[in-house]
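Q: Please take me through one part of this protein in detail, namely a residue in its interior, and then place that part in its wider setting.

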Amino acid sequence: MALSRPLAQPPTPSHPRSLMIHRPSALPVSPGRHLRQLLSLSPQLRLMRSSSYHFLFAHPKQEAGFMQAEENEEDLIGAIEEELASIETCVTDTAARFEALTLVDLMERLGIQRYFQHQIQRILQTTYMQWDDKRGLNDAKATVLAFRLLRLHGFQVSAGVLMALEGGKKSFYDCFSVDSPTNVSAMLNLYRCSQTGFPSESKIMGEAQEFARSQLLDVMSERNPTLLQTNNLRIEVNFALELPRQRLLPRLESRSIIRQLWPGNESTRKYLKLAKLDLQKLRKLYQRELEELERWWQRFGLDEVKCARKRVVQCYFVVGPNMYEPHFSSFRLAYTKCALLTTILDDLFDDKSYDLQELRRFNETFRR
């Protein structure tokens, strides 16, 4: 029997959210520290990110067809809202609940969740009311998907559900297989679920991740084109195995997911179209912000500072793909300016050839 819970705001997690292993979502605190953290990532990730600056600019000619969008944003949002409203009315049903959670996961991965925050919150709250501390949602596939979404939204859910028995006859992991595209997707959800653990859950999550990863690697090595052909499943699985979500920047992940799933099927196509339009709109906003930062650099005479390395795009890129929503525009600008001044200070103290006149000039520039 599902535990009844009041329909209220998400409760505060029993562990600090900063300890959770998931993709970055907190506001960067120190520009210098954030820059060092970015540069300390693996060479493979650094290459991927440094070569992805074009997410700020126009796409190359070969992507012109992909980015062509004729649909109206308001029409797409309205269609999606109608679909979510119809699902919400029967979300207590097992099949409808799993469909609703799948759509929530899709919207968050595509980066369009801000358009449907109220609908997503209601779906998750209703799901949490049905959650059982020992058995989850009484369905292994729905449980691992709901676990990750609930935990990342601040609900208190225990990793102990991953150790539960299904009907008292078989282990939790026996509920997963890779003999169909649907089951491969469920295994992929288990792998992603294992990346949302607290340090105190390292044993449980480690076992889940090892099991899911080995199963996904096996199905990839079998070279079964039919099994992984549905919705570009092979590309999605390979992407997830190669780049864990907690090491990805949200905007770059969303852009990659759009390309992986495009053109999608009948049920997901409108979500992908909206994500494309959103990508275009935000790219124009990023370009305007970079132009403003360029004017700021020139207006305050930072080119006159001998040691100043002009790294406007690099510093902007540190925060842009992470805090990518339009309402964070002022934050992106302020953070980038602070990061640029921090970079200049770092260069200043590394340069021993500075004379007093240069230091005075820098001091005047910094005050301005």
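A: A residue is called buried when its relative accessible area is under 20%, exposed when it is over 50%, and partly exposed in between, with a 1.4 Å probe and protein chains only. What follows concerns a predicted model, in which local features need pLDDT of at least 70 and side-chain atom pairs count only at pLDDT 80 or more, whereas totals for chains, interfaces and linings use all residues. Numbering runs from 1 along each chain as its sequence is written, and side-chain values rest on heavy atoms, without hydrogens or water.

The part chosen is Leu 216, which sits in helix H9 (residues 202–221), helices being DSSP runs of H or I with at least four residues and strands runs of E with at least two, numbered from the N terminus. With a relative accessibility of 0%, Leu 216 is buried. Beyond residues up to four places away in sequence, Leu 216 touches Val 184, Met 187, Leu 188, Tyr 191, Val 237 and Leu 241, a contact being heavy atoms within 4.5 Å. Between the C-alpha atoms of Leu 216 and Arg 234, which are 18 residues apart along the chain, the separation is 9.9 Å.

One of these partners, Val 184, has a contact list of its own: with neighbours within four places in sequence set aside, it meets Ser 177, Val 178, Leu 216, Val 219, Leu 227, Leu 228, Leu 233 and Val 237. Val 184 also belongs to the largest nonpolar core, which has 70 residues, and it is among those touching the most other members, together with Leu 110, Ile 112, Phe 116, Trp 131 and Tyr 271. Such a core is a set of buried Ala, Val, Leu, Ile, Met, Phe, Trp, Tyr and Cys residues joined through side-chain atoms within 4.5 Å. Of this core, helix H7 (residues 140–152) supplies the most, 8 residues. Another core, of 25 residues, lies apart from it and includes Cys 307, Val 312, Leu 333 and Leu 348.

Val 312 leads on to Thr 336, since Thr 336 touches Leu 293, Val 312, Cys 315, Tyr 316 and Val 319, residues up to four places away in sequence not being counted. Thr 336 is placed in helix H15 (residues 329–350) and is buried, its relative accessible area being 0%. Its partner Cys 315 is likewise buried, at 2%. The model has 0 disulfides, a disulfide being a pair of cysteine sulfur atoms within 2.5 Å. For Cys 315 the nearest cysteine sulfur is that of Cys 338, 9.8 Å away, and Cys 338, at 36% relative accessibility, is partly exposed.

Further along, Arg 361 in helix H16 (residues 356–367) is partly exposed, with a relative accessibility of 32%. Its C-alpha atom lies 9.9 Å from that of Gly 301, although 60 residues separate the two along the chain.

For the chain as a whole, there are 16 helices and 2 strands, and 48% of the 368 residues are buried. Among contacts with a separation of 6 or more, 74% join residues 24 or more positions apart.
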